[in-house]
Amino acid sequence: MATKHAPKKVVLAYSGGLDTSIILKWLETEFGAEVVTFTADLGQGEELEPAREKALKLGIKPENIFIEDLREDFVRDYVFPMFRANAVYEGVYLLGTSIARPLIAKRQIEIADQTGADAVCHGATGKGNDQVRFELGYYGLNPDIKVIAPWRDWDFKSRSDLIEFAEQHDIPIAKDKRGEAPFSVDANLLHTSSEGKALEDPAVETPDSVYQRTVSPEDAPDQPEYITIQFEKGDPVAINGEAMSPATLLTALNEYGRKHGIGRLDLLENRFVGMKSRGMYETPGGTILLTAHRGIEQACLDKGSAHLKDELMPKYAELIYNGFWWSPEREMLQAAIDHSQRYVEGEVRLKLYKGNVILVGRSSPYSLYSEKIVTFEDDHGAYDQKDAEGFIKLNALRLRLLAGRDKKAGKN
């Protein structure tokens, strides 16, 4: 029932599925609000026109239905900047779900401004991280926006309650949606994540039926495949000499990874909200890209820059995981990371084989590797080995003084 504090117009992140269709109708019945639907193509591999048809059937005005292909924006402005940092959460997770949320939040706020909406709405549950990511994004872009989170607010207690509401309001229900889904899936061009239900016991191996983007490493080709990836300013720009747009390139890497069973991860992670959860992730192209990017950095970054990046990376990854993409600290770190990538240019050669990405070569016009200096053969004076003696003695001075003290104290 509408109240004086109820939103008048809401931009809903809408997939066209049962849950968000129920949310759509709930917004209308609970608040009497006009609903604007926003459906983003981030490369999840689903046909999105049915979402338009579903929204129309549910009474949404054509001018209030937004369906947008954001694949290039997603990879260029979010995925690639993240990969310049080599970001992984808790050492292994490539943040495929996390990095999609800032873009969705940004477009919702922009559409709200465009349509005069006073509220935005998402379908994330009250137990997960996505509610935090969406809402930090909303508030970071519009501090006055009203946020509606139905899973925290409505009175439905079970799946049967939702089905009953859907039937009462003539919301189409697919036969496979009447029972409990075996697990929950989120997908975009970077990855697929699966969690819940059949995956909730972390001691039980993930069933083969869960994997959607990769063949089993055991079933991958018995012969390795070699590819080269070219980089400019830290971003991949070509595969095997063929220039590609960001989304096209990641799509191609996904296919290489799928074929060779690359990018599977079974993770028991620490959510921002405090609990541990078990997720099964497939990030085929991203896993290849991470190895390639670190490979070209080996040649192009000096020790100080490389080591500092590795120290900053966990903080950067945690900011993305927790939903702070729009925070000043993430932007500060991004500026430092991007500065480090000015000369990260060249080519990396990789061998793909049965779940593995093996770096086999790298070359760059800006490489800091000097064969003349590092050689075991005659370097013709490029490096004076006698210089090492003073270097060692100066670094050992503190240790010698400590050892002398300990000896005096009888500890040696």
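Of the 412 residues of the protein, 47% count as buried in this predicted model. The fold comprises 13 helices and 14 strands, and the C-alpha trace spans about 85 × 55 × 45 Å along its principal axes. Among contacts between residues at least 6 apart in sequence, 72% join residues at least 24 apart. The exposed surface amounts to about 21,300 Å², of which carbon and sulfur atoms supply 51%.

Helix α10 was examined in detail. This helix covers residues 303-322, and its 20 residues should span 28 Å at 1.5 Å a residue; the end C-alpha atoms lie 29 Å apart, which agrees with that expectation. The axis of α10 is nevertheless bent, with a kink of about 35° at L312, shortly before the proline P314. At the start of the helix, a side-chain oxygen of D302 comes to within 3.0 Å of the backbone nitrogen of G304. Just after the helix, G323 adopts a positive phi of about 100°.

The buried residues of α10 are K309, M313, Y316, A317, L319, I320, Y321 and N322. In an α-helix there are 3.6 residues a turn, so residues three or four places apart point the same way. The buried residues of α10 pack against four helices and one strand, namely α3 (71-84), α5 (130-141), α9 (284-300), α11 (328-340) and β11 (264-270).

One of the helices packed against α10, α5, carries R133. This arginine belongs to a set of positions that an unreviewed UniProt entry annotates as "binding site", together with Y93, S98, N129, S184, S193, E269 and Y281. R133 has a relative accessible area of 6% and is therefore classed as buried, the cut-off being under 20%. Neighbours within four places in sequence aside, the contacts of R133 are with T97, S98, R101, I320, Y321, N322 and G323. Of these partners, I320, Y321 and N322 are also listed among the buried residues of α10, and G323 is the residue with positive phi just after that helix. The side chain of R133 additionally makes a polar contact of 3.1 Å with the side chain of S98, a residue that is itself included in the annotation.

S184, another position covered by this annotation, is located in strand β6 (residues 184-187). With a relative accessibility of 42%, S184 counts as partly exposed, whereas R133 is buried. When residues up to four places away in sequence are not counted, S184 touches S193, S194 and E195. Of these, S193 is also covered by the annotation.

The unreviewed UniProt entry gives a further "binding site" listing, which consists of A13, Y14, S15, G16, G17, L18, D19, T20, S21, A40 and G123. S15 is situated in the loop between β1 (9-13) and α1 (18-31) and is partly exposed, at 47% relative accessibility. The side chain of S15 reaches the backbone nitrogen of G17 at 3.0 Å. Residues up to four places away in sequence not being counted, S15 touches T20 and A51.

T20 lies in helix α1 and, at 10% relative accessibility, counts as buried. A polar atom of the T20 side chain is 3.5 Å from the backbone oxygen of G17. The backbone of G17 is thus approached through its nitrogen by the side chain of S15 and through its oxygen by the side chain of T20. Beyond residues up to four places away in sequence, T20 touches L12, A13, Y14 and S15; A13, Y14 and S15 also appear in the UniProt listing.

A40, a further residue of that listing, is found in strand β2 (residues 34-41). Its relative accessible area of 12% places A40 in the buried class. The contacts of A40, with residues up to four places away in sequence left out, are L48, E68 and L70.

Helix α3, against which buried residues of α10 pack, contains F80. F80 is buried, at 4% relative accessibility. Neighbours within four places in sequence being set aside, F80 is in contact with V75, D235, P236, P246, L249 and L289. The C-alpha atoms of F80 and L42, residues that are 38 apart in sequence, are separated by 14 Å in space.

Terms used: Residues numbered from 1 in each chain as written. Predicted model: local features only at pLDDT ≥ 70, side-chain atom pairs only at ≥ 80, totals over all residues. Heavy atoms only, no water. Helix = DSSP H or I, 4+ residues; strand = E, 2+ residues; numbered from the N terminus. Expected span 1.5 Å × (residues − 1). Bend = angle between axes of the 7 residues up to and from the residue. Buried < 20%, exposed > 50% of the residue type's maximum accessible area, 1.4 Å probe, protein only. Contact = heavy atoms within 4.5 Å. Polar contact = N/O pair within 3.5 Å; in protein donor to acceptor, adjacent residues only side chain to side chain. UniProt positions renumbered as here; feature names shortened; annotations may be inferred. Areas by Shrake-Rupley, 256 points an atom, 1.4 Å probe, with all protein chains shown as cover.
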